[in-house]
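Subject: Structure for you to look at

Hello,

Here is the structure I said I would pass on. My notes on it follow below.

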Amino acid sequence: MLNYSALYVRLPNWIGDVCMSLPCLHALLNTKLPVVVCARPWAKDLLSAFQLAGFIEMSGRWREDRAHIASFRKKARHTHPRGLILPDSLSSALVFKFAGIPGAGYRDDGRSLLLRWPVSKPGPALHAAQSWFHLASQALERWKLPVVPATLPTTLGLETTDRHEEQALEAVRAVGLTPGGFILIAPTATGLHKGRVKVWPHFDALARQLQEQGHVVAMCPPASEREAALRAVPTALCLPPLGLGAFATLTRLSALVICNDSGVSHLAAAANARQLTLFGVTDKHRTGPWSPNATCLGSFNHWPGLPEVLDHTARLTTESVL
């Protein structure tokens, strides 16, 4: 094996993207070299079960981030590191370059000169998880390190801690619920996609009809989205906010997760929870949940109707009981 002291990986900036890049992290860890993750602060809890050699918080300010990585590298005495840069931004390549970490990344945003190993994109037809895994595989091949597995797994492989499990169970029991005894909805989604709202418009009607059928409908929005969620679905049982690791565990404790194409969908996919994801303005073939337990309804320009969602909910909740 070549004398690499450590592998540094810059993860993407969005929750869903970090989830879809988990197979890349597994591939790096399978080399048995020390792996240092550089990511937004919230990712630390989500990745706390992984055996990392370090976690460096990224602020998005390239000079500050460069200094943090250079300082960590010096203290860790990583004299011959290699870097995998998943974001396409110029700044992410700039940070690794000036922190003294030769990097591999996609040719984009005019940054090829900042990369030691520039990789051409395989094309727009690939799912985001496939595209990032292709990049990781290309980097490991050029570094003469093994790629295990050789192809993208069918699941994202999120690992959670005992504490995550305890926090999720505590949140469920505190409101009188039991594992498998509720449907978890996520009626919000931050931001716009090409100027269009990413939220399915019938969550309130869905919740009321499910409640009439005897289902318990719960939601667990982050603190920043709590008011919006309560306005959208005032009859749903609202759990207190959880950290990302505990929330991912919560999705697995539900009978079914119903959500927009959002971070929740990818957290549920990472936890391999049964889910129904609703599309209307995004492309499920590019950014849909990567999971055999995910059902996707709708399309790029057409939201599914309430009857269709109710029909699929009935089928999926029946299957979860069997």
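Helix α7, residues 162-174, packs on helix α10, residues 244-253, at an angle of about 60°, and their axes are 8 Å apart. That angle makes α7 oblique to α10. The crossing of α7 with α10 is right-handed. On the α7 side the contact is made by His-164, Glu-165, Gln-167, Ala-168, Leu-169 and Val-172, and on the α10 side by Gly-245, Ala-246, Thr-249, Leu-250, Arg-252 and Leu-253. By type, the residues of this contact divide into 6 nonpolar, 4 polar and 2 charged. Please keep in mind that this is a predicted model.

A second helix pair is α2 with α6. Helix α2 covers residues 22-29 and helix α6 covers residues 128-142; they pack at an angle of about 20°, with 8 Å between their axes. An angle under 35 degrees counts as roughly parallel, and α2 and α6 are therefore roughly parallel to each other. Their crossing is right-handed. Which residues of α2 meet α6? They are Pro-23, Cys-24, Ala-27 and Leu-28, and their partners in α6 are Trp-132, Phe-133, Ala-136 and Leu-140. The residues of the contact of α2 with α6 comprise 8 nonpolar ones, with no polar and no charged residue.

Next, the charged pairs. Side chains of opposite charge can pair when their charged atoms come close. The structure holds 6 salt bridges, and I looked at some of them.

One of them joins Lys-121 to Asp-88, with 2.6 Å from N to O. Lys-121 lies in the loop between β6 (117-119) and α6, while Asp-88 lies in the loop between β4 (81-85) and α5 (90-98), so this salt bridge ties together parts that are 33 residues apart in sequence. Lys-121 also meets Asp-108 in a salt bridge, at 3.0 Å from N to O. This pair, too, links distant parts of the chain: Asp-108 is in the loop between β5 (103-106) and β6, Lys-121 is in the loop between β6 and α6, and they are 13 residues apart. Asp-88, Asp-108 and Lys-121 are thus linked in a network of salt bridges.

Are the residues of this network buried or exposed? Each falls in between: Lys-121 is partly exposed at 41% relative accessibility, Asp-108 at 30% and Asp-88 at 27%.

Another salt bridge is formed by Glu-64 and Arg-61, whose closest N and O atoms are 2.9 Å apart. Glu-64 has a relative accessible area of 31% and is partly exposed.

The last item is Pro-34, which sits in the loop between α2 and β2 (35-39). With a relative accessibility of 33%, Pro-34 counts as partly exposed. Leaving aside residues up to four places away in sequence, Pro-34 touches Ser-5, Ala-6, Leu-7 and Ala-53. How far is Pro-34 from Ser-92 in sequence and in space? The two are 58 residues apart in sequence and 21 Å apart in space, C-alpha to C-alpha.

If you open the model, the contact of α7 with α10 and the salt bridges of Lys-121 are places to start.

Regards

Conventions:
Residues numbered from 1 in each chain as written. Predicted model: local features only at pLDDT ≥ 70, side-chain atom pairs only at ≥ 80, totals over all residues. Heavy atoms only, no water. Axes fitted to C-alpha atoms, helices over the stretch in contact; angles between N-to-C directions. Helix = DSSP H or I, 4+ residues; strand = E, 2+ residues; numbered from the N terminus. Parallel < 35°, antiparallel > 145°, perpendicular 65-115°, else oblique. Left-handed = near helix turned anticlockwise from the far one by under 90°. Contact = heavy atoms within 4.5 Å. Nonpolar A, V, L, I, M, F, W, Y, C, P; charged D, E, K, R; others polar. Salt bridge = Lys/Arg side-chain N within 4 Å of Asp/Glu carboxyl O. Buried < 20%, exposed > 50% of the residue type's maximum accessible area, 1.4 Å probe, protein only.
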